[in-house]
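The following exercises ask the reader to work through a sheet, the helices beside it and one chosen residue. Each task is followed by a solution in steps.

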Amino acid sequence: MAEAAGDGDGCAAHGGATAADEVCPNARELALLHQWHALHTGVRRLNDGLLADVEQQAGLAPSSFQALLFLMTAPGQAAPMNQLSQALGFSTAGTTKVVDRLAEAGLVERRPSAADRRVIFTALTPDGARSVLAASCSLAGAVRTRVVEPLGEDVFASLAAAVGSLDPDPEDCG
């Protein structure tokens, strides 16, 4: 099927004029979507496996580890609950449940903001800092075994740089 002038993607819905009988998505776009699905699914499954390794080795559930890791890198190892919610991609209620579990375990504490008493910060405790450091070592080992060794350090570095360059908000730590 011949394509008329346009952006050449073969899909009229995206500005590429096509023959009247061409279906969108066409075979080329379906192949592209299949590749995207494989990438997305592969990364999600890899991440789930890495976090399962951390849970098995360090005893931290994935959501707990992700919260502690975010706090470890936050200024003063503390952050307002809304920032933690955004970083985790959880609702306020979901984040509150994670923080409640971490506080009960003595890994975080809640602190009022010095500037605004309505704002509550979640902060790492010394035990929380030790736990997240140990879990981070587990994650680094799992990444090395599952990703770096099969790909090689140069390919991994290139892949990380390429995917990182696609981040629509590189300043957002979440």
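**Exercise 1: The sheet**

In this predicted model, 3 strands form an open sheet with antiparallel pairing, in the order 1-3-2. Determine which strands stand at the edges of the sheet and why one side of each is left without a neighbour.

*Solution.* Strands of a sheet pair through backbone hydrogen bonds, in a parallel or an antiparallel manner. Strand 1 (78-80) and strand 2 (108-112) each have a single partner strand, so both stand at the edges and one side of each lacks a neighbour in the sheet. On average, neighbouring strands of this sheet are turned by 30° against each other, direction ignored.

**Exercise 2: One pairing and the packed helices**

State over how many bridges strand 1 and strand 3 pair, and identify which strands helix 2 touches and which helix 4 touches.

*Solution.* Strand 1 pairs with strand 3 (residues 120-124) over 3 bridges, in the antiparallel sense. Opposite Ala79 stands Thr122 in strand 3. Helix 2 (residues 62-73) packs on the sheet and touches strand 1, strand 2 and strand 3; the direction of helix 2 makes about 95° with that of strand 3. Helix 4 (residues 92-104) also packs on the sheet, touching strand 2 and strand 3. The direction of helix 4 makes about 115° with that of strand 2.

**Exercise 3: Ala140**

Locate Ala140 and classify its accessibility.

*Solution.* Ala140 lies in helix 5 (residues 126-151). Its relative accessibility is 46%. Exposed requires over 50% and buried under 20%, so Ala140 counts as partly exposed. Ala140 and Val54 are 86 residues apart in sequence, and their C-alpha atoms are 9.4 Å apart in space.

Key:
Residues are numbered from 1 along each chain as its sequence is written. This is a predicted model: local features need pLDDT of at least 70, side-chain atom pairs count only at pLDDT 80 or more; totals for chains, interfaces and linings use all residues. Side-chain values use heavy atoms; hydrogens and water are left out. Two strands pair if DSSP finds at least two bridges between them. Helices (H or I, at least four residues) and strands (E, at least two) are DSSP runs, numbered from the N terminus. Axes are lines fitted to C-alpha atoms, for helices over the stretch in contact, and angles run from 0 to 180 degrees between N-to-C directions. Contact means heavy atoms within 4.5 Å. Buried means under 20% relative accessible area, exposed over 50%, partly exposed in between (1.4 Å probe, protein chains only).
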